[in-house]
Amino acid sequence: MKPWIQFCRATCLILLGGAGTAMAQGSGRGPQSDFLFDVQYAFTTSKSKLVGSNDTGTALRYGLGGYAGSNSNLAFLLHFDRDTTNFQLNSSKVDMNWQDTRVRYHMGFFYLGALFTRLEMTANKEGTELVDAAGSGMGLNTGVLWGVGRGGSVYLDLMTATLPTMKNAIDQEISIKQRLDIDLGGSIKLTSKLLDLTFGYKIRNVSVETDAAYAESLYTTYAGLRMSFQF
């Protein structure tokens, strides 16, 4: 079967497989897998210049992906990632809801592709609403992925993007000058074909510009499950 036909088949599987979901950051290329579904739960440490505080929070991730080509080297990944932190010290809150779409090509251990991202963000400091915005942007996704043992993997994934124009419900301009994700993780087979355990550690730095530039940094430890299906 021609590669472009296989890619169309994988894309259709993604679109029919269900609504919003997300791939573990860069981790989804199981051996000869055509379709994957991930769910992960994460603990985060957030350092926010926007609200001037540090605290811990949680993140929920879920996603799906498909692979095509004669060697499964063309990937389409859809990922949803929500980071919510309540800052107890000064009664503040920052919520970032990301939706990432990645199309990338694998060349041996190395891969490179395009990132299309959307962000819905709210921030409240001591009862004052600072941000209520949404917008889209583009960037790059690259990394390396190694197969380990019988169906396991280890990966280092990098994503960078900018969101130059965001609509803010509050009368103040806002943009994301840069987002940089560094994700190191892996997976282990729990069953011979269907189920994997995923785990990793991710650093995310987001540069938010409103009346000034603010750095939002999140340090995340995550674990979850992945189901993979071969067609």
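**View 1. The whole chain, from one helix into a run of strands.** Starting at the N terminus, the elements run α-β-β-β-β-β-β-β-β-β-β. That makes 1 helix and 10 strands, and what you see here is a predicted model. The protein has 231 residues, and 48% of them count as buried. Look at contacts with a separation of 6 or more, and 61% of them turn out to be between residues 24 or more positions apart. The accessible surface adds up to about 11000 Å², with 61% of it belonging to carbon and sulfur atoms.

**View 2. Inside the largest nonpolar core.** This core has 18 residues, and the ones touching the most other members are Val94, Met96, Leu119, Met121, Val131, Met166 and Ile176. At least two residues apiece come from strand 4 (92–107), strand 5 (110–125), strand 6, strand 7, strand 8 and strand 9 (195–209). Apart from this core lies another one, of 6 residues, including Ala42, Tyr111, Leu145 and Tyr155.

**View 3. Ile176 and its company.** Leaving aside residues up to four places away in sequence, Ile176 touches Leu119, Thr162, Leu163, Pro164, Met166, Val206, Ser207 and Val208.

**View 4. Arg61 meets Asp81.** The two side chains form a salt bridge, 3.6 Å from N to O. Arg61 sits in strand 2 (residues 53–68) and Asp81 in strand 3 (residues 74–87), so this pair links distant parts of the chain, 20 residues apart. Both Arg61 and Asp81 are buried.

**View 5. Arg204 reaches Asp83.** Here the closest N and O atoms of the salt bridge are 2.8 Å apart. Arg204 belongs to strand 9 and Asp83 to strand 3, with their positions 121 residues apart in the chain. Buried or exposed? Arg204 has a relative accessible area of 1%, so it is buried, and Asp83, at 4%, counts as buried too. Arg204 and Asp83 also join Arg61, Asp81, Asp100, Arg179, Asp181 and Lys202 in a network of salt bridges.

**View 6. Asp157 with Arg104.** In this salt bridge the closest N and O atoms are 3.6 Å apart. Asp157 is in strand 7 and Arg104 in strand 4, so the pair ties together parts 53 residues apart in sequence. Asp157 counts as buried because its relative accessibility is 0%; for Arg104, also buried, the value is 1%.

**View 7. A nonpolar patch on the surface.** Phe109, Trp146, Val148, Val154, Leu156, Leu158, Ile182 and Leu184 make up this patch of about 660 Å². Two or more residues each come from strand 6 (128–148), strand 7 (152–168) and strand 8 (174–189), and strand 7 gives the most, with 3. Trp146, in strand 6, counts as partly exposed because its relative accessibility is 37%.

Definitions and conventions: Residues are numbered from 1 along each chain as its sequence is written. This is a predicted model: local features need pLDDT of at least 70, side-chain atom pairs count only at pLDDT 80 or more; totals for chains, interfaces and linings use all residues. Side-chain values use heavy atoms; hydrogens and water are left out. Patches are made of residues with over 30% relative accessible area and no salt bridge: like charges are joined within 9 Å, nonpolar side chains (Val, Leu, Ile, Met, Phe, Trp, Tyr) within 5 Å. Accessible areas come from the Shrake-Rupley method with a 1.4 Å probe; for residues, only the protein chains shown count as cover. A salt bridge is a side-chain nitrogen of Lys or Arg within 4 Å of a carboxyl oxygen of Asp or Glu. Helices (H or I, at least four residues) and strands (E, at least two) are DSSP runs, numbered from the N terminus. Buried means under 20% relative accessible area, exposed over 50%, partly exposed in between (1.4 Å probe, protein chains only). Contact means heavy atoms within 4.5 Å. A nonpolar core is a set of buried Ala, Val, Leu, Ile, Met, Phe, Trp, Tyr and Cys residues joined through side-chain atoms within 4.5 Å.
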